[in-house]
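Welcome! Open your viewer, switch to a cartoon view, and let's walk through a few helices together, one selection at a time.

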Amino acid sequence: AIGAKEVPAAPGAAAAPAAAAAGAASAMTAQLVEPGNLYPSVPSSKPVDWVKIGILALGAVAGYYFFNNTDPGRAVVATALSMISFVKDQLGHIHIHEAERGLLETICLLFTSIVCVPLVVKGVPGGNAVLGYLLGGAIVGPYALGLISDVNNIKHLAEIGVVLLLFNIGLELSLDRLQSMAKFVFGMGTAQVVFTLLGVAGVAMAVAGLPGPGAIILGGSLAMSSTAVAIQVLEERGEMGSRHGRAIFSVLLLQDLAVVVLLMLIPLLAPSPDGSSGGFARIAQALALAAVKAVAAIVGIIAGGRILVRPLYKKISEFANAEIFAATTLLMVLGTSFLTQLAGLSLALGAFLAGLLIAETEYALQVESDIAPYKGLLMGLFFMSVGMEISVQLFLQKWKEVLAAIVVLIVGKVAVMAAVGPLFGLPRLASLRSGLLLAPGGEFAFVAFGEAVSRGVLPANVCNLLYVVVALSMALTPYLAELGSRLGSVLESSDLKTLQPQEEEMKELKDHVIIAGYGRVGQIIAQMLSEQLIPFVALDVSSARVSVGKKKDVPVYFGDAGSYSVMHLVGAERAACAIIALDTPGANYRAVYTMSKHFPHVKTYVRAHDITNAVNLERAGATAVVPETLEPSLQLAAAVLREMEFNTEEVSSIVDEFRRKHLADLQLLSASSGTSLGYGFEKQKKEGGTAGAGSGSGISSGEGTSILTPAPA
């Protein structure tokens, strides 16, 4: 917290009480005590009970046989259908004005969500909120109760949820970090889309007998994945900053750009009145024009935003009105999204760019807080709109074809990522886990299939079946994520050799952070870096800690940070900096000495056990040292000052002044009283007596971080 950038408070927002901060800190500490909880700030997803799933699957098969092949079962189905028809008829006789209908549909959606989401989360093995919303949408949609008849109106509003989701992701990134991901975005993302398109198109032509233009549109549509569902599942599982999480996000970002190309291809590939489709020259010309428009729009938004965003927010914040501040944020998001849509790009891409621009300002944290309520509600509405596309009747009629198509889609897309990922430096296991979350279809397929049917590129009966395939595959995403986690625990055995860093995995690392020590401090630092998508590698000599981290796909390896060969393997010579937080003073000293001797250009930040140890570490070459007993005391004092109604600037100034002037006085008091006062001071014994209470040597600093040094003997 020392020297951290001061974030302006929200206009009109009150400062958070210190008691709330203390409660949050206590909760985090309690979670850290629990072994295996590597991501305390992110709620862990509920583990899947595979035995219960097996029992439910057998029950579903038995139920299907009973309701379709026995007379009592058919009678039950007929009775249920007649009751549903009766309810629909009764509702149809009620005259409702258009405004009242909108209100009634809103009530239905809210009631369904508060019933279905808790039922699925609590009652379904591995169930989560996404599945609950999908189920709720299927129930009230036009293919079941029919309480929501006009799904398109719902979709337009629900799409804003996806817009705010991408905006939130942009807030957590920066343009510099995005540039560091360029290889994954434009290399791996392009390869995934192209190879999946070719594979699906080939299967469609060979098995379904589709013509070339229709097969290309079908392949491109199914190559896309659901940005909303995949990112939501990653965030719920705390895996957004993992290797496979970063890879998934990179591919999804490229897919948002590829959407533009596919939407332009549909009319170009549509048959003309004479039965022919557009020629190659016409298609190439249209794609080149689309690329120019996309580049111009993105560059223009970024350039204009960098000039206007900060002054705009500074001016708005001067009004000290929280509502106007939030309205400005919504205007920025929706306005930028509208501009990208005018340029032929997606709404979500515009929101992402707006997030990137605001992330570079000091208002990012408040903006993120302002949009959180809107994002959560609208994302739920989006998932319900996807559930409305599920036709239970069509699934029952064509269940064999639907299940076969889902299996082929998932297996094929996983195979593509397993082959493509390693070509761009992604480990095999991370490639498989990325493929499992990218394997389901995406929401773009609903748009593309509808457009393709209206243009005569794809037959309507095929697209109706594919609606069910895509929607059900999206519902499987949480289970595929859990399967990837189980797969990781199987493939990553407890053998130490498999836990050690491999040169092939590390050769692409550059400007990363090395965390030596993966205990509680190291885990918190890793979590913070993960949330900001900053690449890092962690080392620890506890195989248990490393194994638990591997199950979460965290880049943690077994190795001694005091060994030159180990540090060389994790790319220390290319690292941005190193953080050392090992269990013993001796291990810390060896790691610092190794870094200063072999990698002197890499800055080293160390957590020291006490003040004497801190001095030794600084002399060994540490850039900055923080005694573990010092900073908690100052943080507690800062919390008390906030409780006594000091403002943020005053608290920061007082704490910094204390560091500069008063630590030497405390040190003298510590030496004379024979107590450490919580600062870990150790009395230095001399030959023939103890150290006197001479003048303290004050503060020794490195790169802005202060430490308390002992009095000279």
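Let's begin where two helices meet: α6 passes α15 in a left-handed crossing. Keep in mind as you look around that this is a predicted model.

To see this pair, select residues 364-387, which form helix α15, along with α6. Their axes lie 7 Å apart, and the two helices pack at an angle of about 145 degrees. Color the contact of α6 with α15 by residue type and you can pick out 18 nonpolar residues, three polar and three charged.

**Next stop: α6 on its own**

Now hide α15 for a moment and select residues 151-171, the whole of helix α6. This helix has 21 residues. How far does α6 reach from its first C-alpha to its last? The span is 31 Å, close to the 30 Å expected at 1.5 Å a residue. Follow the helix along to Leu 157, where α6 bends by about 25 degrees.

**Next stop: α6 beside α14**

Keep α6 on screen and add residues 347-359, which are helix α14. Here the axes are 7 Å apart and the packing angle is about 30 degrees. Angles under 35 degrees count as roughly parallel, so α6 is roughly parallel to α14. Turn the view until one helix lies in front of the other: α6 passes α14 in a right-handed crossing.

Then show side chains at the contact. On the α6 side, select residues including Glu 159, Val 162, Val 163, Leu 166 and Phe 167. On the α14 side, the contact residues include Leu 347, Ala 348, Ala 351, Phe 352 and Leu 356. What mix of residues makes up the contact of α6 with α14? There are 14 nonpolar, two polar and one charged.

**Last stop: α8 and α17**

Finally, clear the selection and pick residues 182-208 for helix α8 and residues 399-420 for helix α17. These two pack at an angle of about 140 degrees, with their axes 10 Å apart, and α8 and α17 are therefore oblique to each other. Their crossing is right-handed.

Zoom in on the place where they meet. From α8 come Met 188, Ala 191, Gln 192, Phe 195 and Thr 196, and they meet Lys 413, Val 416, Met 417 and Val 420 in α17. The contact of α8 with α17 divides into six nonpolar residues, two polar and one charged.

Methods:
Residues numbered from 1 in each chain as written. Predicted model: local features only at pLDDT ≥ 70, side-chain atom pairs only at ≥ 80, totals over all residues. Heavy atoms only, no water. Helix = DSSP H or I, 4+ residues; strand = E, 2+ residues; numbered from the N terminus. Expected span 1.5 Å × (residues − 1). Bend = angle between axes of the 7 residues up to and from the residue. Axes fitted to C-alpha atoms, helices over the stretch in contact; angles between N-to-C directions. Parallel < 35°, antiparallel > 145°, perpendicular 65-115°, else oblique. Left-handed = near helix turned anticlockwise from the far one by under 90°. Contact = heavy atoms within 4.5 Å. Nonpolar A, V, L, I, M, F, W, Y, C, P; charged D, E, K, R; others polar.
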